[in-house]
Amino acid sequence: QVQLVESGGGLVQAGGSLRLSCAASGRTFSSNAMGWARQAPGKEREFVATINWSGLSTHYADSVKGRFTISRDNAKNTVYLQMNSLKFEDTAVYYCAAASTRAVTMNFGSWGRGTQVTVSS
């Protein structure tokens with residue numbers, strides 16, 4: 001089982017940037033695809049981004065493509081989500097997730113507790 005702890009959330013003005021981090025512990029981090037999802041108030045959780053085990057392959061939701069960048073540092077067991085040009089509609093709780101596969105995926109088996117991102121308009 002892998003444990004995931006997110007950090008880096010906060011309040012930012014529209015157009016601003018934030019970088020989320022997710023520290024992983026437990027099973028081997030570098031062998032698994034990772035990802036981020038978010039859940040806004042009153043809405044279902046939605047996929048944001050995923051990265052494969054090596055960091056060389058990524059995939060994004062259309063709503064964040066070109067603004068968000070997912071990356072990972074396997075030496076630090078950490079995955080990041082750089083969020084630029086933030087919009088009010090990006091406001092949500094952001095969750096880090098781990099998959100059991102190496103390739104990019106939208107199916108995750110382990111989740112962190114989430115970090116709140118609030119974008120003021």
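**Exercise 1.** Leaving aside its neighbours within four places in sequence, which residues is arginine 67 in contact with? Work from the predicted model, and decide also whether arginine 67 is buried or exposed.

*Solution.*
1. Find the residue: arginine 67 sits in the loop between strand 6 (58-60) and strand 7.
2. Set aside the neighbours within four places in sequence; the contacts of arginine 67 are then Gln82, Met83, Asn84, Ser85, Leu86, Lys87 and Asp90.
3. Look at serine 85: its backbone oxygen is reached by the side chain of arginine 67 at 2.9 Å.
4. Buried means under 20% relative accessible area. Arginine 67 has 11% relative accessibility, so arginine 67 counts as buried.

**Exercise 2.** Find the disulfide and state its handedness.

*Solution.*
1. The count comes to 1 disulfide.
2. Cysteine 22 is joined to cysteine 96, with an S to S distance of 2.1 Å.
3. Cysteine 22 lies in strand 3 and cysteine 96 in strand 9, 74 residues apart, and the pair links distant parts of the chain.
4. The torsion about the S-S bond is about -80°, so the disulfide is left-handed.
5. Cysteine 22 is buried at 0% relative accessibility, and cysteine 96 is buried with a relative accessible area of 0%.

**Exercise 3.** Describe the largest nonpolar core.

*Solution.*
1. This core has 34 residues, of which Trp36, Val79, Leu81, Met83 and Tyr94 touch the most other members.
2. Strands that each supply at least two residues include strand 3 (18-26), strand 8 (78-83) and strand 9 (92-98).
3. Strand 9 gives the largest share, 5 residues.
4. Take valine 79: beyond its neighbours within four places in sequence, its contacts include Cys22, Trp36 and Cys96.

Definitions and conventions. Residues numbered from 1 in each chain as written. Predicted model: local features only at pLDDT ≥ 70, side-chain atom pairs only at ≥ 80, totals over all residues. Heavy atoms only, no water. Core = buried A, V, L, I, M, F, W, Y, C linked by side-chain atoms within 4.5 Å. Buried < 20%, exposed > 50% of the residue type's maximum accessible area, 1.4 Å probe, protein only. Helix = DSSP H or I, 4+ residues; strand = E, 2+ residues; numbered from the N terminus. Contact = heavy atoms within 4.5 Å. Polar contact = N/O pair within 3.5 Å; in protein donor to acceptor, adjacent residues only side chain to side chain. Disulfide = S-S within 2.5 Å.
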